[in-house]
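This report describes selected local and overall features of a single protein model. Strand pairing, the nonpolar core, a pocket and the backbone are treated in turn.

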Amino acid sequence: MPEELVKPHLLIRETKRHWADVKKHKIDYNYDKSIPYLSIHVQNEHRPRALRFFDVLIKLLEHRGHKVVTRGHETLVIIGEIETQISLREASNRVYRTERNWTTSDLVPNGKLIFKAGKYSWDKEWRDNKTLLEVMLAKIVARLELDAKKEAEWRERSRLAEIQRAEEERIRREIEAIRKAGQEKFDLLLKQAERFDKAQKIRALVAAARANALDDGQISQKRKEWIEWASRKAD
């Protein structure tokens, strides 16, 4: 880690320009919102160290074939298709004080830096302790790459699982359509069989009525009309 910035990365230069513009317009808040800047939240006296840390980190990541970009208030490391949010902040100690009859507290920055990667359950932090962040750079990059690999593998598993679910659903719908079509044909067959059975019964009834009328010697006009009507219904 150099003691001074050497050919700083563009994002380092832009962050310094952003800070200068914010300081210039700290009263009216009319600073240039288009200037990209890194997620660094430390006191002014620790900004040079924070910039040197980020400068080496960015250059190391780019040397490994990755990217570091800013998007709004976020700083992102892009490894393959995986984006990981990163930030650097200063740790604080809670200091309590008693004023009259009540106790209040403030968070007082202590000069120790904390580097954070990721959000929610995926987040990971590295802190200044006996070992400074600068010494942990290789471990930080390795962890970023490992987490990105895990995320990419999880996304691929999810993608394949979704494809499998979609295929299973397609097959299920096809089977259901075939079953439904078969059921509809079978229901129609049952209806046709029922109608055929009813027609056969009506024809048998008509034949019996005609035979009974002939046994009586003649068929009345009323019986003829009924036989014709019943025959049509059977047909």
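The model is predicted. Within it, Lys-7 is found in the segment before α1. Its phi is near 45°, a positive value in a residue other than glycine. Most residues other than glycine have a negative phi. Lys-7 counts as exposed because its relative accessibility is 73%, and the cut-off for exposure is over 50%.

**Backbone and exposure**

Tyr-29 likewise is not a glycine and has a positive phi, of about 55°. This residue is placed in the loop between α1 and β1, the latter spanning residues 40–41. With a relative accessible area of 61%, Tyr-29 is exposed. A further positive phi, near 60°, belongs to Arg-100 in the hairpin of β4 and β5.

Gly-65 lies in the loop that runs between α2 (47–63) and β2 (67–71). At 62% relative accessibility, Gly-65 counts as exposed. Its C-alpha atom is separated by 8.8 Å from that of Gly-80, although the two glycines are 15 residues apart along the chain.

The accessibility values and locations of four residues are collected below.

| Residue | Location | Relative accessibility |
|---|---|---|
| Lys-7 | segment before α1 | 73%, exposed |
| His-18 | helix α1 | 7%, buried |
| Tyr-29 | loop between α1 and β1 | 61%, exposed |
| Gly-65 | loop between α2 and β2 | 62%, exposed |

**His-18 and the second largest pocket**

His-18 is found in helix α1, which covers residues 10–24. The residue counts as buried because its relative accessibility is 7%, and the cut-off for burial is under 20%. Apart from neighbours within four places in sequence, His-18 is in contact with Tyr-31, Ile-35 and Tyr-37.

His-18 and these three contact partners are also among the residues that line the second largest pocket. The volume of this pocket is about 170 Å³. Its lining further includes Trp-19, Val-22, Asp-32, Lys-33, Arg-47, Gly-72 and His-73. Helix α1 provides the largest share of the lining, three residues. By class, the lining has five nonpolar, three polar and three charged residues.

**Nonpolar core**

The largest nonpolar core has 30 residues, of which Phe-54, Leu-57 and Phe-115 touch the most other members. At least two residues of this core come from each of α1, α2, β3 (74–79), β4 (82–99), β5 (102–117) and α3 (137–215). Helix α2 gives the most, with seven residues. Leaving aside neighbours within four places in sequence, Leu-57 is in contact with Ile-86, Phe-115, Leu-137, Ile-140 and Val-141. Phe-115 therefore appears twice in this picture, as a contact of Leu-57 and as one of the three members that touch the most others.

**Strand pairing**

How many bridges join β4 to β5? There are 13, and the two strands run antiparallel. The hairpin that they form has two residues between the strands. Strand β5 is also joined to β6 (residues 124–127), by four bridges, and this pair runs antiparallel as well.

Lys-116 links the description of both pairings. It is the bridge partner in β5 of Ser-87, and Lys-116 stands opposite Glu-125 in β6.

How values were computed. Residues numbered from 1 in each chain as written. Predicted model: local features only at pLDDT ≥ 70, side-chain atom pairs only at ≥ 80, totals over all residues. Heavy atoms only, no water. Buried < 20%, exposed > 50% of the residue type's maximum accessible area, 1.4 Å probe, protein only. Contact = heavy atoms within 4.5 Å. 1 Å grid on protein atoms, 1.4 Å probe; cavity = no way out; pocket = protein on both sides within 12 Å on 5 of 7 lines; lining within 4 Å. Points joined across faces, edges and corners; volume = space filled by probe spheres on them. Nonpolar A, V, L, I, M, F, W, Y, C, P; charged D, E, K, R; others polar. Core = buried A, V, L, I, M, F, W, Y, C linked by side-chain atoms within 4.5 Å. Pairing = 2+ DSSP bridges.
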